[in-house]
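User: Please take a close look at one helix in this model. I would like to know how it begins, how it ends and which way its residues face.

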Amino acid sequence: MEAPAGPAAPPPVGGTYPPLSPPPAVAGMADNAASALCYVLGLITGILFLVLEPYNKNRTIRFHAFQSIFLNIAVIILAIAVNILDVMLWHMIGFWLSSMVGLLFNLACFALWIFMIVTTYQGRTTVLPVIGPLAQQQA
């Protein structure tokens, strides 16, 4: 018969344990993933990727961050103009036409947002008219 196991032996004292290895270095995200994330929250992620250290040195990610920032500024300006047009149409024609203008604008912005995220994640670079060349100059 086997003898009952006694209490475990205490660990040896002194430098007999192997030294702890440092944690592995984080390599970061792929360029296409980081570039696509620039568009996800618009101004916030655009500015974030311009500030974060490993990404702010990459020209492709900088381009997408600047294009995201400029695109969101343009959408805000256009949204103000569309809202003014909505109010004018509402007073002149009625509710249905003014709500359709706002709905079409919002759908177009949503479709552009999804398009930019998907194509950028696929590794394709879409240079938008007017703001794309500005983003290329800044990157």
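Analyst: Start with the length of helix 3. This is a predicted model. Helix 3 has 34 residues, and at 1.5 Å a residue they should span 50 Å. The end C-alpha atoms of helix 3 are 49 Å apart, so span and expectation agree. The helix covers residues 59-92.

Now the start. Asn58 caps the N-terminal end of helix 3. A side-chain oxygen of Asn58 lies 2.9 Å from the backbone nitrogen of Thr60. The loop between helix 2 (43-51) and helix 3 holds Asn56. Asn56 has a relative accessible area of 17%, under the 20% cut-off, so Asn56 counts as buried. Beyond its neighbours within four places in sequence, Asn56 is in contact with Phe49, Leu50, Val51 and Arg62.

Next, the buried residues. In helix 3 these are Ile61, Phe63, His64, Ala65, Phe66, Gln67, Ser68, Ile69, Leu71, Val82, Asp86 and Leu89. For reading such a list, an α-helix has 3.6 residues a turn, so residues three or four places apart point the same way.

The surface tells the other part. A nonpolar patch of about 1200 Å² includes Ile76, Ile80, Ile84, Leu85, Met88 and Met92. Ile93, Leu97, Met100, Leu103, Leu104 and Leu107 also belong to this patch. Helix 3 and helix 4 (95-121) each supply at least two of the patch residues. Helix 3 gives the largest share, six residues. Leu97, a patch member, sits in helix 4. Its relative accessibility is 39%, so Leu97 counts as partly exposed.

Then the end. Gly94 follows helix 3 and has a positive phi, near 140°. Further along, another positive phi appears at Val130, near 65°, in a residue other than glycine. Most residues other than glycine have a negative phi. Val130 is in the loop between helix 4 and helix 5. With a relative accessible area of 66%, Val130 is exposed.

That loop, leading to helix 5 (131-138), also holds Arg124. Arg124 is partly exposed, at 47% relative accessibility. A polar contact of 2.4 Å joins the side chains of Arg124 and Gln122. Arg124 and Asn32 are 92 residues apart in sequence, yet their C-alpha atoms are 8.5 Å apart in space.

Back to helix 3, in brief. Asn58 caps its N-terminal end, Gly94 follows it, and six of its residues join the nonpolar patch.

Technical notes:
Residues numbered from 1 in each chain as written. Predicted model: local features only at pLDDT ≥ 70, side-chain atom pairs only at ≥ 80, totals over all residues. Heavy atoms only, no water. Patch = residues over 30% accessible without salt bridge, like charges linked within 9 Å, V, L, I, M, F, W, Y side chains within 5 Å. Areas by Shrake-Rupley, 256 points an atom, 1.4 Å probe, with all protein chains shown as cover. Salt bridge = Lys/Arg side-chain N within 4 Å of Asp/Glu carboxyl O. Helix = DSSP H or I, 4+ residues; strand = E, 2+ residues; numbered from the N terminus. Buried < 20%, exposed > 50% of the residue type's maximum accessible area, 1.4 Å probe, protein only. Polar contact = N/O pair within 3.5 Å; in protein donor to acceptor, adjacent residues only side chain to side chain. Contact = heavy atoms within 4.5 Å. Expected span 1.5 Å × (residues − 1).
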